[in-house]
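This report looks at salt bridges and at one residue's surroundings in the structure shown below.

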Amino acid sequence: MKNYVLALLLVLAGCAGTGGAVDKTKMAEGYYMKGLSYLQDKNYELALVEFQRSINTDSKNKQSYYALGLVNDMQGKLKEAENFYKESIDIDSDFSEAHNAIGVVYFKQQKWKEALKSFRKALDNKLYTTPHIPYLNMGDLSMAQKDYERAAAAYLESKRYVNQDIAILKLGTALLEAGRVKEAIAELEEGTALNQKNAGMWYTLALARLKDGNKKAAIADFKKAADLAPGTEISLKANDYLKTLR
């Protein structure tokens, strides 16, 4: 869930077209792009102004409604965010990014059924270019409900679309929580090979090895995690394990 904002920003950057025949459409896109630049700089107030100018110029600019939703979401104004996301969906019912985003809003409010429905709606669009994101969110939703088997299934689907370390770490964690230790170790070993500097991956692998009875390997992995992230919570927890195990 923590990485969804970055993913949404990337989607926003790719959504603007080259303009249409009507001048107001081009003007609206210009305001939108200016707002996006402010948003990327975390200047939320100016971003809001430009996105509002965009929809005032062209009320059918779905990306600007979506962006307004995103800014409000980031500011913790969930009801406002929900309303803007819905406006963008009213313009384009197949707007998967907005369905996913409103699912995140519901998730934050622990409206589990509504969130799951929105994530699935995002996936209904076969032209959706980033389906791995709703699958990650569905996995997070199941983890929050302590349904680890379902979480693992969702994370695996995400990994099948995009084999990135965040999906592997989440999958390994879900498998470990589900008691599928050997499978967790296999996934987490793959994750450390993919990104050797991911301290969380090494830490979770150490936990899995410890649960599997491999104390020596667990110590080595805890040390790796501590060395990669000095001063962090991961490092503190890893060092606590090292003091106990040695």
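## A charged network in helix H5

In this predicted model, Glu82 has a relative accessibility of 5% and therefore counts as buried, the cut-off for that class being under 20%. Its side chain meets that of Lys86 in a salt bridge, with an N to O distance of 2.9 Å. The two residues are 4 places apart in helix H5, so about one helical turn separates them. Unlike buried Glu82, Lys86 is partly exposed, at 35% relative accessible area.

The pairing of Glu82 and Lys86 belongs to a network of salt bridges that also takes in Lys79.

## Other salt bridges

Across the whole structure, a search finds 17 salt bridges. One of them joins Lys62 to Asp92, whose closest N and O atoms lie 2.6 Å apart. Because Lys62 is in helix H4 (residues 62-74) while Asp92 is in the loop between helix H5 (78-91) and helix H6 (96-108), this pair ties together parts that are 30 residues apart in sequence. Asp92 itself is partly exposed, with a relative accessibility of 22%.

A further salt bridge is formed by Asp147 and Arg150, with 3.7 Å between the closest N and O atoms. Here Asp147 is partly exposed, at 31% relative accessible area, whereas Arg150 is exposed, at 52%.

## The surroundings of Thr192

Thr192 belongs to helix H11, which spans residues 181-194, and with a relative accessible area of 8% this residue is buried. When neighbours within four places in sequence are set aside, Thr192 is in contact with Met201, Trp202 and Leu205.

Notes:
Residues numbered from 1 in each chain as written. Predicted model: local features only at pLDDT ≥ 70, side-chain atom pairs only at ≥ 80, totals over all residues. Heavy atoms only, no water. Buried < 20%, exposed > 50% of the residue type's maximum accessible area, 1.4 Å probe, protein only. Contact = heavy atoms within 4.5 Å. Salt bridge = Lys/Arg side-chain N within 4 Å of Asp/Glu carboxyl O.
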